[in-house]
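Please open the model in your viewer and keep the selection panel at hand. The tour below goes from one selection to the next and says what is found at each stop.

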Amino acid sequence: SLKTSITGTLPAVNIETIDFSYGEDAIIQGKASIANYEKYGNSDINLSIDKFKVSQTAIAAFAKIGDSTFVSPDILTDMGDIYLKGKINGQLNKFKLDAETWCRQGAIKLLAAGSVDTTFTNFNITSSLQTQNFNLGKLLGEDTGLRQLTAHIDFKARQGEKTPLEAIAKGKISAIGYEKDVYRDIPFSAFYNASKMGVDAVANLPVGKIVANATMTQARIPDVNIRLRVDDLHVDQFYKEDSWINPRLTIALNGNVKSLDIDQMIGKIHIDSLHLHDDTNIDFQPGKFSLELGRENDEKFITLTSSLLTANVHGQYTFMSIADEFTNLMHNYLPDVFQTTKHVKKAQNDFTFNITANNTEELGKIFALPVDIIEPARIDGRINTIDKKIDIKGTIPYIRFGDYDIKNTTLTIANVDSAFNIIANTGVLM
C-alpha cells in the first residue's frame, strides 16, 4: 500500500508524508520537498527517511522482477532484516547526507557531502563511514575466526565527463576480534582509478608487525605487485608445536606477476629474510626462495630455487584440470583407488619435471618430521595425459627413517599399455 500527502504551489512540491508498505516485509516512511522541480539541478532539496525496513523475502521478490532466476547469496541472507534512517538536504551541486543502516550484525554510520549533476554520472563526493562492534563473524561465518569490528573510513570519489572514476579510502581499524584476541589500531589506505588499484596496510599488533602493499593494473591481463613484510610474528597464535617456546617468524615477500589466471601467469616471486626462532635452540634461516613463472618457445615453465628444494616444470600444464586428468588416467590401472571424476573434454597436460630435495635434518628437528633427507634426492619425470603416459624416475642416495638408514634407493614408475609398473630398489641399515 502507498499513502502520501502532497502540498505546495508549483513549481514547489512538498511531500508531507510518504508511507509505503509491502506487508511486513518492506516499509518506507518519510517526507520530502523540492523548491522548484523545473530547476531541480539547482533547487533546494530535502529528503528524510524516518523508517525503512526490508526483509530478505522482499529483497528476493523485488530482485526477481528483473531476474526471475535470482537467488540471494548466503552473505545477504545472513543479514536478515535491513533497516535504514537518514536525511539528505541542500542542492545537487552541494548536498549533505547523514544516514545510518543496521542489520542483525550491527550498524554502519555514513556522513557524506558533495556534488552531482542531473545525469548522476558526474560527481565529487567526500564521505565518512563508521561502525562499532560490527559482528563480522556472524556475517562471514564463524569458521573465519573473525569477531567484532570497530573501524572508521574516510572516502573520496569523483567522476567527470573527461575524468574516469577515481576513489581514495583512508581509515583505521580501531579494533577487530580474531579467535580469542583483539587487534587494535591498524591504519590502511586504498585507491582505485581507471589504470590501477591498490591497498596499503600497517599493523603493529601484539602478535607481530605486518606491512603490506599491493597494486593491480586494470588491463585485460593485469600486472600484480605485492610487497609483504612480517616481523616477529608469534607463530603459536596460528600453528602449535609442543616443543616450541615462544616461536617467532620474520619474512619478506616481493612479487611481480602478470595475469590472475594461474595457468597463464608469468613473473617472479621472492621470499627472503625468512627467520624462524624461539626461546630454546631453534634458529632456522634457510636463505632466499625464488619462484619464476614464464614462457619459452611457446611452452610454459616454473622454476623454484632455494637451499632446501629446487624444482622445474616445463611444457604444457593446466592446474585447473590436471587433478581430474590424472585421476581419469590412473583409473584405468587402479580403479578402486582412483574413482573417475567429471568428464574431461580434452586433456591438456604434457610436461616434464625435476625436483631435488637437499638435506632436511634441521627442518626435521624443528617440525618433528618422520623422515630426514641426508643426501640430496632427485626425481625426474614426465606426465602426458594427452597420450596417457607417465614416466617417473627417482634417485634417493640416503634418507633416515627413525633408527633406519635407507641408502641407494632407486624408483621407477611407468605405464605401458594396460600395465602400470612400480619398481623400487633400496638398502636398509639399522
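**A tour by selection**

Begin with aspartate 231, which at 25% relative accessibility counts as partly exposed, where buried means under 20% relative accessible area, exposed over 50% and partly exposed in between, with a 1.4 Å probe and protein chains only. Add arginine 229, whose side chain meets that of aspartate 231 in a salt bridge at 3.0 Å, N to O; a salt bridge here is a side-chain nitrogen of Lys or Arg within 4 Å of a carboxyl oxygen of Asp or Glu. Arginine 229 is partly exposed too, at 32% relative accessibility.

Before going on, note that this is a predicted model, in which local features need pLDDT of at least 70 and side-chain atom pairs count only at pLDDT 80 or more, while totals for chains, interfaces and linings use all residues. Residues are numbered from 1 along each chain as its sequence is written, and side-chain values use heavy atoms, with hydrogens and water left out.

**Further salt bridges**

A search of the whole structure finds 14 salt bridges. Select lysine 31 and aspartate 50 next, whose side chains meet in one of them at 3.5 Å, N to O. Because lysine 31 lies in strand E3 (residues 26-34) and aspartate 50 in strand E4 (residues 45-54), the pair ties together parts that are 19 residues apart in sequence; strands (E, at least two residues) and helices (H or I, at least four) are DSSP runs, numbered from the N terminus. Lysine 31 is partly exposed, with a relative accessible area of 38%, and aspartate 50 is partly exposed at 45%.

Now move to arginine 378 and aspartate 380, whose side chains form a salt bridge at 2.8 Å, N to O. Aspartate 380 is partly exposed at 28% relative accessibility, and arginine 378 is partly exposed at 38%. Then select Glu361, Arg400 and Asp405, which salt bridges with shared partners join into one network.

**Aromatic rings**

How many aromatic pairs does the structure hold? There are ten, counting rings of Phe, Tyr and Trp (its six-membered ring) whose centres lie within 6.5 Å, with planes under 30 degrees apart called stacked, over 60 edge-to-face and the rest tilted. Select tyrosine 239 and tryptophan 244, whose ring centres are 5.6 Å apart and whose planes stand at 50 degrees, so the pair is tilted. Tyrosine 239 is partly exposed at 38%, whereas tryptophan 244 is buried at 9%.

Tyrosine 317 and phenylalanine 319 come next, with ring centres 5.3 Å apart and planes at 45 degrees, so this pair is tilted. Tyrosine 317 is buried at 4% relative accessibility, while phenylalanine 319 is partly exposed at 38%. Extend the selection to Phe351 and Phe353, since ring pairs link Tyr317, Phe319, Phe351 and Phe353 into a cluster.

Keep tyrosine 317 selected and add lysine 300, which lies over the face of that ring at 4.7 Å from the ring centre; the criterion is NZ of Lys or CZ of Arg within 6 Å of the ring centre and within 35 degrees of the ring normal. Lysine 407 lies over the face of tyrosine 398 at 4.6 Å from the ring centre.

**Backbone stops**

Most residues other than glycine have a negative phi, and most peptide bonds are trans. Against that background, select leucine 10 and proline 11, where the peptide bond is cis, with omega near 15 degrees. Proline 11 is placed in the loop between strand E1 (2-7) and strand E2 (13-22). Finish at asparagine 133 in strand E8 (residues 123-135), where phi is positive, near 55 degrees.
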